Amino acid sequence: MNTHSVSSPNHDLFNYVLRQGDTPLILAQRLCEWCGHAPELEIDLALSNIGLDLLGQARHFLSYAATLSGTGLDEDHLAFGRDEREFLNLLLVEQPNNGFDDTLVRQFFIDAYHVLLHQALEQSSDPQLAAISAKSLKEVEYHLRFSQGWMIRLGDGTKQSRQKIQQSINQLWRFTGELFDCDEIEQRLAEDGIAVNPRTLHEPWLKIINDTFAEATLEMPAEAPYRQGGKQGLHTEHLGYMLTEMQYLQRTYPNSNW
């Protein structure tokens with residue numbers, strides 16, 4: 001199934017919903033890589049639980065996308081049967097964990113974005129999108145409290161913890177611009193009251209980031225060109241390796257059931 005060539009009157013909506021499902025799906029996979037490896041048992045459980053929340057959100061969106069596709073496929077096929085170029089997630093969430101500092105900064109950036117996104121999508125004229133976002137909002141608000149609290153704790157902690165968090169901020173900042181990039185699909189759906197124009201989220205997102213950085217004694221990175229393309233299926237080198245692991249069972253034993 002080529003997600004870029006779905007011949008359906010719902011093509012724009014299908015594409016948009018798929019994006020909303022792919023981003024939490026890939027982020028959930030990244031977070032669950034920490035299971036049994038996090039610095040503390042409490043963090044281990046928290047990251048796994050956040051990953052499960054995101055997986056639930058992904059299932060809702062991908063199930064809806066499967067219905068819109070009109071192909072008779074389900075969310076499992078969309079998760080495990082597509083190739084790298086068919087995934088439409090944001091580039092930020094596919095970046096590797098490396099250390100807890102990179103995971104935390106990546107999570108904080110996307111949590112602040114998700115809170116604003118679901119607040120806006122809760123008002124969507126599409127009842128299914130609105131319902132999914134209303135449920136997701138309760139979860140992502142907790143996610144933001146978790147990541148924001150750790151940003152402040154480590155940023156305003158020791159010299160070493162502040163240095164490591166600042167380094168992660170500087171490295172991942174180039175992937176944040178894509179969060180607010182608006183293409184023709186989002187523009188058309190936003191004009192119809194279905195989607196959110198991501199440009200409208202940039203200013204309130206920056207306020208959350210600035211306020212948190214100020215309390216955490218962290219510095220805003222210098223402005224630089226940002227990476228984009230994930231929403232159009234153009235990814236970094238990391239996604240392919242992740243999908244190889246994530247899709248291994250279904251690819252090796254197609255249509256397997258527990």
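**Close-up 1. Thr-236 and Gln-95 meet through their side chains.** In this predicted model, a polar contact of 3.5 Å links the side chain of Thr-236 with that of Gln-95. Thr-236 sits in the loop that runs between α8 and α9 (237–246). With a relative accessible area of just 3%, Thr-236 counts as buried, because that label applies to anything under 20%.

**Close-up 2. The surroundings of Thr-236.** Setting aside neighbours within four places in sequence, Thr-236 is in contact with Glu-84, Leu-91, Glu-94, Gln-95, Phe-175 and Arg-227. Of these contacts, Gln-95 is the partner in the 3.5 Å side-chain polar contact shown in the previous view.

**Close-up 3. Helix α8 from end to end.** Helix α8 takes in residues 202–216, 15 residues in total. At 1.5 Å a residue it should span 21 Å, and its end C-alpha atoms are indeed 21 Å apart, so the two agree. Right after α8 comes Thr-217, which has a positive phi, near 55°.

**Close-up 4. The buried residues of α8.** Trp-205, Ile-208, Ile-209, Thr-212, Phe-213 and Ala-216 are the buried ones here. Look down the axis of α8 and its buried residues fall within an arc of 125°, so they line one face of the helix. Among the elements covering them are α4 (100–121), α5 (127–155) and α6 (159–172).

**Close-up 5. The other side of α8.** Flip to the opposite side of the helix and the picture changes: Glu-203, Lys-207, Ala-214 and Glu-215 are exposed.

How values were computed
Residues are numbered from 1 along each chain as its sequence is written. This is a predicted model: local features need pLDDT of at least 70, side-chain atom pairs count only at pLDDT 80 or more; totals for chains, interfaces and linings use all residues. Side-chain values use heavy atoms; hydrogens and water are left out. Helices (H or I, at least four residues) and strands (E, at least two) are DSSP runs, numbered from the N terminus. The expected span of a helix is 1.5 Å times one less than its number of residues. Buried means under 20% relative accessible area, exposed over 50%, partly exposed in between (1.4 Å probe, protein chains only). The arc is that of the directions from the helix axis to the C-beta atoms. Contact means heavy atoms within 4.5 Å. A polar contact is a pair of N or O atoms within 3.5 Å; within protein, one must be able to donate a hydrogen and the other to accept it, and residues adjacent in sequence count only if both atoms are side-chain atoms.
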